[in-house]
Amino acid sequence: MSAPLSPVLAPERLASAYTYASYRQLIDELMAQNLTTGPNQTEHILQYARLNIQRMRRVDKTIVLLPELREALDNLQKKHVWLTLTEGWCGDAAQIVPVIEAIAQASNGKLESRYLLRDENLDLMDRYLTDGGRSIPKLIVLHADTLTEAATWGPRPAPAQAMFRELKSQNLPFEEFATQLHGWYAHDKTQSTQRELLELVRALEPALSAK
């Protein structure tokens, strides 16, 4: 018999995590002081964090969830916690975290979203590395009753991750790298992220996966 799974984190730690509203408020308040989250406060990072605020606002205002995703959410029976590791300076997080939140909001309480800053939770981050790196955003889906792991996703939808690896292999300057990647996000209009998270939602309950 296999040993029971351990909780990913303690209830007290989860209770200290940000809601989406408080996460966004933190980022805005820091930016008002010409700061962002994390230890790196260079002007380059701050400029990127400013752009990320605009990106989040745009996704918040324009996202339309896929009908099949809404249907899958309506059919969910059990409650889960969607815990996301993120940072205000992360461009991928700016494109994806609002999608995660929109899905949670559409679940009618079945998915509870919470957010932790990567650089303040490296012990947790280091359990969910991508290609050996601390790539974010990282979504960790927890069973609400036990806080054990149900699924993970991230840091990017598969097409963006493939593009990221290809661009990284070319050793492009950061600005060109970022321009191409965010151009992909703009063209995709959250569709790849939504489709992958749809499959994740369906996989949470086997009866949904057959649909």
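Two residues are in contact when heavy atoms of theirs lie within 4.5 Å. Keep that in mind as you walk through this predicted model.

**Stop 1: aspartate 119**

Select aspartate 119, in the loop between E2 and H6. Which residues does aspartate 119 touch, not counting those up to four places away in sequence? Show Gly38, Pro39, Glu87 and Trp89, and you have the set. Next, add threonine 86 and draw a distance between the two C-alpha atoms: aspartate 119 and threonine 86 are 33 residues apart along the chain, and the separation is 8.7 Å. With a relative accessible area of 23%, aspartate 119 is partly exposed.

**Stop 2: helices H3 and H5**

Now select residues 43-62, which form helix H3, and residues 91-105, which form helix H5. Their axes come within 8 Å and cross at roughly 20 degrees. Angles under 35 degrees count as roughly parallel, and H3 and H5 are therefore roughly parallel to each other. Turn the view to look at the handedness: this crossing is right-handed.

Show side chains to see who makes the contact. On the H3 side, pick Tyr48, Asn52, Arg55, Met56, Val59 and Asp60. On the H5 side, pick Gly91, Ala94, Gln95, Pro98 and Val99. Colour them by class and you should find 6 nonpolar, 3 polar and 2 charged residues in the contact of H3 with H5.

**Stop 3: helix H2 against H3**

Keep H3 on screen and add helix H2, residues 20-32. How far apart are the axes of H2 and H3, and at what angle do these helices pack? The axes are 11 Å apart, and the angle is about 145 degrees. Here the crossing is left-handed, whereas that of H3 and H5 is right-handed.

From H2, highlight Tyr20, Tyr23, Arg24, Ile27, Asp28 and Met31. Their counterparts in H3 are Leu46, Ala49, Arg50, Ile53, Met56, Arg57 and Asp60. By class, the contact of H2 with H3 has 8 nonpolar and 5 charged residues, with no polar ones. Pause on Met56 and Asp60: both take part in the contact of H3 with H5, and both appear again in the contact of H2 with H3.

**Stop 4: arginine 57**

Stay on helix H3 and centre on arginine 57. Leaving aside neighbours within four places in sequence, arginine 57 is in contact with Arg24 and Asp28; those two residues belong to the H2 side of the packing you just viewed. Arginine 57 counts as partly exposed, at 43% relative accessibility. For a longer line across the model, join the C-alpha atoms of arginine 57 and methionine 163: they are separated by 24 Å, with these positions 106 residues apart along the chain.

**Stop 5: one side of H4**

Select helix H4, residues 67-75, and pick out the buried residues Leu69, Ala72 and Leu73. Look down the axis: the three cover an arc of only 100 degrees, which puts them on the same side of H4.

**Stop 6: two cis peptide bonds**

Move to the loop between helix H6 (122-125) and strand E3 (138-143), where proline 137 has its place. The peptide bond leading to it from isoleucine 136 is cis, with omega near 5 degrees. Serine 135 is in the loop between H6 and E3 as well, and is buried at 18% relative accessible area. Beyond its neighbours within four places in sequence, serine 135 contacts Met125, Thr130 and Pro155.

Follow that last contact to proline 155, in the loop between strand E4 (149-153) and helix H7 (158-169). A cis peptide bond joins glycine 154 to proline 155, and omega is about 15 degrees.

**Stop 7: two positive phi values**

Finish with a pair of backbone details. Asparagine 108, in the loop between H5 and strand E2 (111-117), has phi near 55 degrees, a positive value in a residue other than glycine. Then go to threonine 190, between helix H8 (174-188) and helix H9 (191-204), where phi is near 70 degrees, again positive in a residue other than glycine.

Is each of these residues buried or exposed? Asparagine 108 is exposed, with a relative accessible area of 64%, whereas threonine 190 is buried, at 14%.

Methods:
Residues numbered from 1 in each chain as written. Predicted model: local features only at pLDDT ≥ 70, side-chain atom pairs only at ≥ 80, totals over all residues. Heavy atoms only, no water. Axes fitted to C-alpha atoms, helices over the stretch in contact; angles between N-to-C directions. Helix = DSSP H or I, 4+ residues; strand = E, 2+ residues; numbered from the N terminus. Parallel < 35°, antiparallel > 145°, perpendicular 65-115°, else oblique. Left-handed = near helix turned anticlockwise from the far one by under 90°. Nonpolar A, V, L, I, M, F, W, Y, C, P; charged D, E, K, R; others polar. Buried < 20%, exposed > 50% of the residue type's maximum accessible area, 1.4 Å probe, protein only. Arc of directions from axis to C-beta.
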